[in-house]
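Trainee: Hi! I'd like a close look at one part of this model, and at what lies around it. Could you walk me through it?

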Amino acid sequence: MSRVRIKICGLTRRDELEAVCAAGIDAVGFVLSPSPRQLDPGSAMTLMQHLPPWVASVVVTRHPPADFGATVLSQLVPDWWQSDAGDFDGQQVPSGTRLLPVLRENEQQATTPPFYVYEGAQSGRGQTVDWQRAARQAGHGQMILAGGLDPD
């Protein structure tokens, strides 16, 4: 069995960041799309500067503007960019930024990327996906399960 890795999204304050890093988190997602936990790029950059080197930074978007990769990501330089799978089309992705496509439970995909996030219809609402459907989808690549997760 592989090691469980944990990414926490939606942190907006440095004390939150320090707490999850001290707890042994693997990655932190900084939300730059409309959300109660949305950060502006400058605030995200400030928090990213306080990440220890072993914690990956993930910029999280949903349907960003066409120039997002060339403008915002070139300034932030995250380890990963997470967004819906089709959002990367036509974007300029800075060198060294890895893509983390999101496949949504309610949407059909023509292909499944080798590495992806599987999430419910809406992000950031604590909605759990259909576990049986997720289990079937997990056989089609390396999945990161998101949404409504708890220790159980």
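Trainee: Which residues does V28 touch, not counting residues up to four places away in sequence?

Mentor: Happy to! First, a word on the source: this is a predicted model, in which local features need pLDDT of at least 70 and side-chain atom pairs count only at pLDDT 80 or more, while totals for chains, interfaces and linings use all residues. Residues are numbered from 1 along each chain as its sequence is written, and side-chain values use heavy atoms, with hydrogens and water left out.

Now to your residue. V28 touches K7, I8, L11, L17, V20, L51, V55, A56, S57 and V58, where contact means heavy atoms within 4.5 Å. Along with L17, F30 and L32, V28 has the most contacts inside the largest nonpolar core, a set of 21 residues. (Such a core is made of buried Ala, Val, Leu, Ile, Met, Phe, Trp, Tyr and Cys residues joined through side-chain atoms within 4.5 Å.) Two or more residues of this core come from each of α1 (14-22), β2 (27-31), α2 (41-48) and α3; these elements are DSSP runs numbered from the N terminus, with helices (H or I) of at least four residues and strands (E) of at least two. The biggest share is that of α3, with four residues. Another core lies apart from this one and has ten residues, including V58, V60, V117 and A146. As a general tendency, nonpolar side chains in soluble globular proteins are buried together.

Let's step into helix α2, where A44 sits. A44 counts as buried because its relative accessibility is 0%; buried means under 20% relative accessible area, exposed over 50%, and partly exposed in between, with a 1.4 Å probe and protein chains only. Beyond its neighbours within four places in sequence, A44 is in contact with F30, L32, L39 and L76, and two of the core residues with the most contacts, F30 and L32, thus turn up again here. R13 is 31 residues from A44 in sequence, and their C-alpha atoms are 9.6 Å apart.

Back at V28, three of its partners, V55, A56 and S57, also contact D79, as do G96, T97 and R98. D79 belongs to the loop between α3 (68-76) and β4 (80-84), and it counts as partly exposed because its relative accessibility is 28%. A polar atom of the D79 side chain lies 2.8 Å from the backbone nitrogen of S57, which is a polar contact (a pair of N or O atoms within 3.5 Å; within protein, one must be able to donate a hydrogen and the other to accept it, and residues adjacent in sequence count only if both atoms are side-chain atoms). In the other direction, T97 contacts L73, P78, D79, W80 and W81. T97 lies in the loop between β4 and β5 and is buried, since its relative accessible area is 8%.

That loop between β4 and β5 (98-104) also holds Q91. Q91 counts as buried because its relative accessibility is 12%. Its contacts outside the four-place window are P64, P65, A66, D67, F68, G69 and W81, and W81 is a partner of T97 too. A polar atom of the Q91 side chain lies 2.8 Å from the backbone oxygen of P65.
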